[in-house]
Amino acid sequence: MSKPIYDRVALIGLGLIASSMFWAMKRANLAGKVTGYARSQETRDTARRIGLTDRVCDSAAEAVEGADLVVLAVPVGAMGPVAEAIAPHLKPGATVTDVGSVKRHVIDAVAPHIPEGVHFIPAHPLAGTEHSGPESGFAELFENRWCLIVPLPGTPDTEIARLRALWEAMGSNVDEMDPDHHDLVLAVTSHAPHLIAYTMVGVADDLRRVTDSEVIKYSAAGFRDFTRIAASDPTMWRDVFLTNKDATLEILGRFTEELFALQRAIRQGDGQMLFDYFTRTRAIRRGIIEAGQDTAAPDFGRVKPRE
Ligand SMILES: NC(=O)c1ccc[n+]([C@@H]2O[C@H](COP(=O)([O-])OP(=O)(O)OC[C@H]3O[C@@H](n4cnc5c(N)ncnc54)[C@H](O)[C@@H]3O)[C@@H](O)[C@H]2O)c1
Ligand SMILES: O=C(O)C(=O)C[C@]1(C(=O)O)C=C[C@@H](O)C=C1
């Protein structure tokens with residue numbers, strides 16, 4: 001087996017992403033020793049019971065002591081306070097990274113706490129499920145998915161390359177991106193779609209209460225996909241919307257304009273407008289498949305989270 005990429009890794013927050021990273025790193029011997037910390041006693045107890053990390057610590061300070069790589073895998077709103085708490089305990093020369101779904105806010109909240117001589121390299125794996133917590137992770141989560149690295153000016157290339165090597169060894173394709181561009185792209189591809197799914201499920205639920213119909217019981221495939229997305233962790237998504245406010249509002253504004261245009265076409269019986277619109281969107285989907293870029297839809301029916 002090849003030599004680990006990092007000798008000592010600390011995972012702060014022990015949910016879906018951290019636990020998937022742990023199993024992926026262990027499977028391929030990418031980390032020598034992994035310590036872990038989560039805020040709640042219950043999560044730490046569960047982590048100890050299922051062998052999640054080599055040592056579960058009772059404080060974040062203890063977990064990061066001597067670590068070469070520290071991964072912040074907590075909700076985006078908790079990144080700043082966690083960085084502040086661990087800062088005095090970081091090893092000189094260590095790398096701190098994060099996996100947060102929003103990048104500008106995390107950089108603004110974390111970077112001021114990172115001491116001189118410690119590298120901070122923000123990152124975001126574009127992989128997840130609607131499940132959360134220490135028992136939801138699995139080693140295959142990052143396979144054939146993108147991980148976006150968002151390096152800050154002045155970060156040594158060697159340290160960026162090392163983090164890139166870790167994500168590639170966990171199965172991801174890696175790209176680099178500017179933080180503001182990242183937040184706008186993700187508002188389109190992930191954040192606004194989640195809000196739409198939350199809304200659609202809420203609408204159906206209201207309707208069920210009002211009419212006592214069986215909207216949810218007999219939901220078709222499209223709506224079922226919405227219910228999967230709308231089952232995602234409330235804390236995580238509350239923080240995403242609060243911290244990627246401008247980009248999300250910009251995309252929702254555009255979305256609303258399009259929705260009104262379609263609404264008008266339906267009211268006016270403008271079949272040509274609807275047909276042209278759906279023809280355009282179908283071509284986009286087909287273009288993605290022809291370009292071989294449809295790597296973002298693993299079958300979670302097959303890849304089961306750990307029991
Ligand atoms: N779930 C996804 O689809 C997904 C995908 C990519 C990135 N992310 C990002 O990864 C991060 C973690 O998400 P997740 O899905 O693993 O969440 P999760 O809810 O499964 O796990 C979060 C963990 O953080 C712990 N935690 C919360 N506040 C804490 C604090 N102040 N100090 C220490 N621990 C704390 C929780 O106890 C839990 O163990 C988030 O920033 C999220 O935006 C999530
Ligand atoms: O597949 C899912 O369940 C996801 O929602 C994963 C997803 C996404 O929107 O694609 C969600 C949030 C992340 O920051 C990255 C990935």
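**Two asparagines, one sheet and two ligands**

I would like to begin with a single residue, N29, which counts as partly exposed because it has 13 C-beta neighbours inside 10 Å. Please keep in mind throughout that what we are looking at is a predicted model.

Where along the chain is N29 found? It sits in the loop that leads from α1, residues 16-27, to β2, residues 31-37. Its backbone deserves a second look, since N29 has a positive phi of about 55 degrees although it is not a glycine. As background, most residues other than glycine have a negative phi.

Further along the chain, N144 also has a positive phi, of about 60 degrees, and N144 is not a glycine either. N144 belongs to the loop between β6, which covers residues 119-125, and β7, which covers 146-149. Is N144 buried or partly exposed? With 13 other C-beta atoms within 10 Å, N144 is partly exposed.

Let me now turn to the sheet, which is open, has 8 strands with mixed pairing, and follows the order β3-β2-β1-β4-β5-β6-β7-β8. The edge strands are β3, at residues 55-56, and β8, at residues 173-176, and each of these pairs on one side only. In general, the strands of a sheet pair through backbone hydrogen bonds, either parallel or antiparallel. Here β1, residues 6-12, runs parallel to β2, and 6 bridges join the two; within this pair, V9 stands opposite V34 in β2.

Which strands does α1 lie across? This helix lies across β1, β2, β4 (69-72) and β6, and it runs at about 160 degrees to β1. Helix α6, made of residues 157-169, packs on the sheet as well, where it touches β1, β5 (95-98), β6, β7 and β8, and its direction makes about 30 degrees with that of β6.

Finally, we come to the ligands. There are 26 residues around ligand 1, and those that come nearest are G13, G15, S101, G128 and S132. Which element gives the most to this shell around ligand 1? It is α1, the helix we have just placed across the sheet, with 3 residues. Sorted by class, the shell around ligand 1 has 15 nonpolar, 9 polar and 2 charged residues.

Around ligand 2 we find S101, L126, A127, G128, T129, E130, S190 and S232, and by class this shell has 2 nonpolar, 5 polar and 1 charged residues. If you compare the names, you will notice that S101 and G128 are listed for ligand 1 and again for ligand 2.

Technical notes:
Residues are numbered from 1 along each chain as its sequence is written. Chains are lettered from A and ligands numbered from 1 in the order in which they are written. This is a predicted model: local features need pLDDT of at least 70, side-chain atom pairs count only at pLDDT 80 or more; totals for chains, interfaces and linings use all residues. A residue is near a molecule or strand if its C-beta atom, placed from the backbone, lies within 6 Å of it. Ala, Val, Leu, Ile, Met, Phe, Trp, Tyr, Cys and Pro count as nonpolar, Asp, Glu, Lys and Arg as charged, and the others, Gly among them, as polar. Helices (H or I, at least four residues) and strands (E, at least two) are DSSP runs, numbered from the N terminus. A residue is buried if 20 or more other C-beta atoms lie within 10 Å of its own, exposed if 12 or fewer, and partly exposed in between; C-beta atoms are placed from the backbone. Two strands pair if DSSP finds at least two bridges between them. Two residues are in contact if their C-beta atoms, placed from the backbone, lie within 7 Å. Axes are lines fitted to C-alpha atoms, for helices over the stretch in contact, and angles run from 0 to 180 degrees between N-to-C directions.
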